[in-house]
Amino acid sequence: MKYFNLTNLIANNNRVMKIILGSTFDIKDIVCYVIGYIIIVLTENGDTICYTNYL
């Protein structure tokens, strides 16, 4: 959305929508997404291992 400047087209002058959609790129967002993905993968794999031990 940021690459094609869709935020300005969708939100126009609505400040709340710009905050929700995000108006700037920040590498910290990508880092947080990667950390969240790793946490989900680790917890999902851990649940699978625990359940298969009980079968």
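These legends go with several views of one predicted model.

**View 1. The whole chain: three helices and zero strands.** Along the sequence the pattern runs α-α-α; helices (H or I, at least four residues) and strands (E, at least two) are DSSP runs, numbered from the N terminus. Residues are numbered from 1 along each chain as its sequence is written, and side-chain values use heavy atoms, leaving out hydrogens and water. As this is a predicted model, local features need pLDDT of at least 70 and side-chain atom pairs pLDDT 80 or more, while totals for chains, interfaces and linings use all residues.

**View 2. Confidence, helix by helix.** pLDDT is the predictor's confidence in each residue, from 0 to 100. The protein's mean is 76, and 75% of its residues reach 70 or more. Among its elements, helix α1 (residues 6–11) has the lowest mean, 74, and helix α2 (residues 15–21) the highest, 79.

**View 3. Leu21 and Thr7.** Leu21 sits in helix α2. Its C-alpha atom is 6.6 Å from that of Thr7, though the two are 14 residues apart along the chain. Leu21 counts as partly exposed because its relative accessible area is 24% (buried is under 20%, exposed over 50%, partly exposed in between; 1.4 Å probe, protein chains only). Just 5% of the 55 residues count as buried.

**View 4. A nonpolar surface patch that includes Val31.** Val31, in helix α3 (residues 27–54), is partly exposed because its relative accessibility is 44%. Other patch members include Phe25, Tyr33 and Leu42, and together the patch has about 1,200 Å² of accessible area (Shrake-Rupley method, 1.4 Å probe; for residues, only the protein chains shown count as cover). Patch residues have over 30% relative accessible area and no salt bridge, with nonpolar side chains (Val, Leu, Ile, Met, Phe, Trp, Tyr) joined within 5 Å and like charges within 9 Å. A salt bridge puts a Lys or Arg side-chain nitrogen within 4 Å of an Asp or Glu carboxyl oxygen.
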